[in-house]
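Q: Could you take one small part of this model and look at it closely for me? After that, I'd like to see how the surroundings and the rest of the chain fit around it, with the cut-offs behind each term.

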Amino acid sequence: MRRTTIRRLEEHPNLPEVLAVLAQLAQVADEDLPRLANAWTNDAFVAQARGKALSPDSPLVCEVLSAFEAVSALFEDDLRGEAAYVTVPPAVASLALKAVRDAIAAVYARPVLTRAEHAALVRPWRTVYPDKTACEPDLGPQGEQVKALLAALPRLTTRCHDESDQALWDQLVDHSYVQESERREARESAFEVAVLTRRRRVWALVRRSGTEGLGRHCPLCRTPRVHDRETERVLELCLDAACALLVGDALPIAVTELLTAPIAALVPEQRRPV
Ligand SMILES: [Zn+2]
């Protein structure tokens, strides 16, 4: 067995396959869940391969575990099975997620697995998603704007060192108190659109990425961020704007504008949807 020390995902020899699986996560369609569940099997060989893939010396195993966490977050509604839009029984979703987790474990651990072990773990996923090359989640027709907004969020984490960032932060806090109930209704209708246009898992992905971006330590002083009420408000404002852009092609313009106008200063070059 080769010993591998891989410190960052970018150094991973199996990077394209890892990225393809991660990109597909948020695009898993409801009708894929029963197919994944049916394809998943467990026997001694698969269990042993899984154990090896998740062992502490496996490449980037901490990242694998955080990907598992992301899976649980993206499929929270499906596992709970309460919402009216959830059509797949939670037990089926739960089984499907075992296939998802095995695929994640397989692609990360490929350098330490035999060909047969890798194939056995990834097989259920491959029966549903044969394509090994997809590279990023589809964020819709306004994806570039969603990405620009998500990319701007870490800027707010240096506000302790930069007056203009602090001023921007204060402005966002102020905006968060304006039209609160209108924005809540707008967010609800945007989420309904996400459900109807089959983008509710991408919605969850966007919110997760945004939360991560805003929650980072200041890179200069490493001060951990206190997650206080103010941060909560700014985060909500930014996530709602990102989600409005995500479904902006299917939302009334007034709704998109209501949700995106408060963060205009954060992404100044952002154009209004036409
Ligand atoms: Zn700082």
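A: Leaving aside neighbours within four places in sequence, A49 is in contact with L113, E117, A120 and L121; two residues are in contact if their C-beta atoms, placed from the backbone, lie within 7 Å. Before going further, a word on the source: this is a predicted model, in which local features need pLDDT of at least 70 and side-chain atom pairs count only at pLDDT 80 or more, while totals for chains, interfaces and linings use all residues. Residues are numbered from 1 along each chain as its sequence is written.

A49 sits in helix α3. Helices here are DSSP runs of H or I with at least four residues, strands are runs of E with at least two, and both are numbered from the N terminus. Among the partners of A49, E117 is 68 residues away along the chain, yet the two C-alpha atoms are separated by 5.3 Å. Is A49 buried or exposed? A49 counts as buried because it has 23 C-beta neighbours inside 10 Å; the rule is that 20 or more other C-beta atoms within 10 Å make a residue buried, 12 or fewer make it exposed, and anything in between makes it partly exposed, again with C-beta atoms placed from the backbone.

A44 belongs to α3 too, a helix that covers residues 44-53. With 7 other C-beta atoms within 10 Å, A44 is exposed, whereas A49 is buried. The C-alpha atoms of A44 and R155 are 49 Å apart, with their positions 111 residues apart along the chain.

L121, one of the partners of A49, also touches A103, as do V21, V122 and W125, not counting residues up to four places away in sequence. A103 leads on to the largest nonpolar core, which has 68 residues and in which A103, A190, C238, A242 and L246 have the most contacts. A nonpolar core is a set of buried Ala, Val, Leu, Ile, Met, Phe, Trp, Tyr and Cys residues joined through C-beta atoms within 7 Å. Helix α6 (residues 90-109) supplies the largest share of this core, 12 residues. At least three residues come from each of domain 1 (9-128) and domain 2 (143-263), the bounds being taken from an automatic or database domain assignment. In soluble globular proteins, nonpolar side chains tend to be buried together.

What does the border between the domains look like? In domain 1, 7 residues are in contact with 7 residues of domain 2. On the domain 1 side these are 7 nonpolar, no polar and no charged residues; Ala, Val, Leu, Ile, Met, Phe, Trp, Tyr, Cys and Pro count as nonpolar, Asp, Glu, Lys and Arg as charged, and the others, Gly among them, as polar. The C-alpha centres of the two domains lie 29 Å apart.

Over in domain 2, helix α12 (residues 229-246) has 18 residues and reaches 25 Å from its first C-alpha to its last, close to the 26 Å expected at 1.5 Å a residue, where the expected span is 1.5 Å times one less than the number of residues. Its buried residues include C238, D240, A242 and L246. The buried residues of α12 pack against α8 (143-152), α9 (163-175), α10 (180-196), α11 (200-215) and α13 (253-260).

Some of the loops between these helices deserve a look as well. Q179, in the loop between α9 and α10, has a positive phi of about 50° although it is not a glycine. Its 15 C-beta neighbours inside 10 Å make Q179 partly exposed. R198, in the loop between α10 and α11, has a positive phi of about 60° and is not a glycine either; with 12 other C-beta atoms within 10 Å, R198 is exposed. Most residues other than glycine have a negative phi. R159, in the loop between α8 and α9, touches D165, Q166 and W169, not counting residues up to four places away in sequence.

Stepping back, the protein chain has 13 helices and 0 strands, and 36% of its 274 residues count as buried. Among contacts between residues at least 6 apart in sequence, 78% join residues at least 24 apart. The radius of gyration, taken over C-alpha atoms, is 20 Å, which agrees with the value near 19 Å for a compact globule of 274 residues; that rule is 2.2 Å times the number of residues to the power 0.38.
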